[in-house]
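Here is a short report on one protein chain. It covers the sheet, the helix on it and a few individual residues.

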Amino acid sequence: MTSPGAVFDRLQEGDELDGLTIGPITRTHIVRYAGASGDFNPLHHDDEYARSLGNPSIFAMGMFPAGVLATALTRWLGPGRVRRFSVRFRSQVWPGDRLTFGGIVERKALQKGEGVIVCALRVVNQAGEDVITGEAEAVFPLSRGAAPREASSA
């Protein structure tokens, strides 16, 4: 297993999360997420109801792609490293959408004996439109005396 300090040392400002793409998003994905999350708002499973409110169809809950983004981030930076994760929902996810999940290291610093990485996050649909934007902060415990190379100040 790679040490947290080695992961911190390897990551540099500008490094990107390999873009995970999923889709097309199906109604089954949306309904399964509803069951898992307990969000049974009819906007997410009842076409007639969704249309009565001016939508072209049902759409996914915002937390569905946010959860996939959090999983991709955790796989990239390592389990237990994410200290802060915030997202902003920019547009709806419709059945048939393909989503690409990405992130980029914006800042890298040493703070109080830990390595800290701040990442900008983004989920885009097949048209290149932002579905979600966000930010995350990950912390990497460092072994005593191990000063990572090229760490910048925050």
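Helices and strands here are DSSP runs, numbered from the N terminus, with at least four residues for a helix and at least two for a strand. By that numbering, Pro-24 sits in the loop between β1 and α2. The model is a predicted one.

**The sheet**

Five strands form an open sheet in the order β1-β3-β4-β5-β2, and the pairing is antiparallel. Its edges are β1 (20–22) and β2 (82–89), each paired on one side only. On average, neighbouring strands are turned by 20 degrees against each other, with direction ignored. Helix α4 (residues 63–77) packs on this sheet. The helix touches β1, β2, β3 (99–111), β4 and β5. Its direction makes about 145 degrees with that of β2.

Three of the strand pairings are set out below.

| Strand pair | Sense | Bridges | A bridge pair |
|---|---|---|---|
| β1 and β3 | antiparallel | three | Leu-20 and Phe-101 |
| β3 and β4 | antiparallel | eleven | Val-105 and Cys-119 |
| β4 and β5 | antiparallel | eleven | Val-123 and Ile-132 |

In residue numbers, β4 spans 114–124 and β5 spans 130–141. Leu-20 of the edge strand β1 (20–22) stands opposite Phe-101 in β3. Val-105 has its bridge partner, Cys-119, in β4. Val-123 is matched with Ile-132 in β5.

**Two backbone features**

Most residues other than glycine have a negative phi, and most peptide bonds are trans. Two places in this chain deserve a look on that account.

Where is the cis peptide bond that involves Pro-24? It runs from Gly-23 to Pro-24, with omega near 5 degrees. Pro-24 belongs to the loop between β1 and α2.

Lys-112 has a positive phi of about 50 degrees, although it is not a glycine. Its place is the loop between β3 and β4. These strands make a hairpin with two residues between them. Is Lys-112 buried or exposed? Lys-112 is exposed, because its relative accessible area is 86% and the cut-off for exposed is over 50%.

**His-44, a buried loop residue**

His-44 lies in the loop between α2 (27–37) and α3 (47–52). His-44 counts as buried because its relative accessibility is 7%, and buried means under 20%. Which residues does His-44 touch, not counting those up to four places away in sequence? They are Ile-30, Asp-39, Ile-58, Phe-59, Ala-60 and Met-61. Phe-59 also offers a polar contact: its backbone oxygen lies 2.6 Å from a polar atom of the His-44 side chain.

**Glu-16, an exposed loop residue**

Glu-16 is found in the loop between α1 (4–10) and β1. Glu-16 counts as exposed, because its relative accessibility is 56%. Leaving aside neighbours within four places in sequence, Glu-16 is in contact with Trp-76, Gly-103 and Ile-104. Trp-76 falls within the span of α4 (residues 63–77), while Gly-103 and Ile-104 fall within that of β3 (99–111).

How many residues separate Glu-16 and Val-105 in sequence? The answer is 89, yet their C-alpha atoms are 6.5 Å apart in space. Val-105 is the residue whose bridge partner in β4 is Cys-119.

How values were computed: Residues numbered from 1 in each chain as written. Predicted model: local features only at pLDDT ≥ 70, side-chain atom pairs only at ≥ 80, totals over all residues. Heavy atoms only, no water. Pairing = 2+ DSSP bridges. Axes fitted to C-alpha atoms, helices over the stretch in contact; angles between N-to-C directions. Contact = heavy atoms within 4.5 Å. Buried < 20%, exposed > 50% of the residue type's maximum accessible area, 1.4 Å probe, protein only. Polar contact = N/O pair within 3.5 Å; in protein donor to acceptor, adjacent residues only side chain to side chain.
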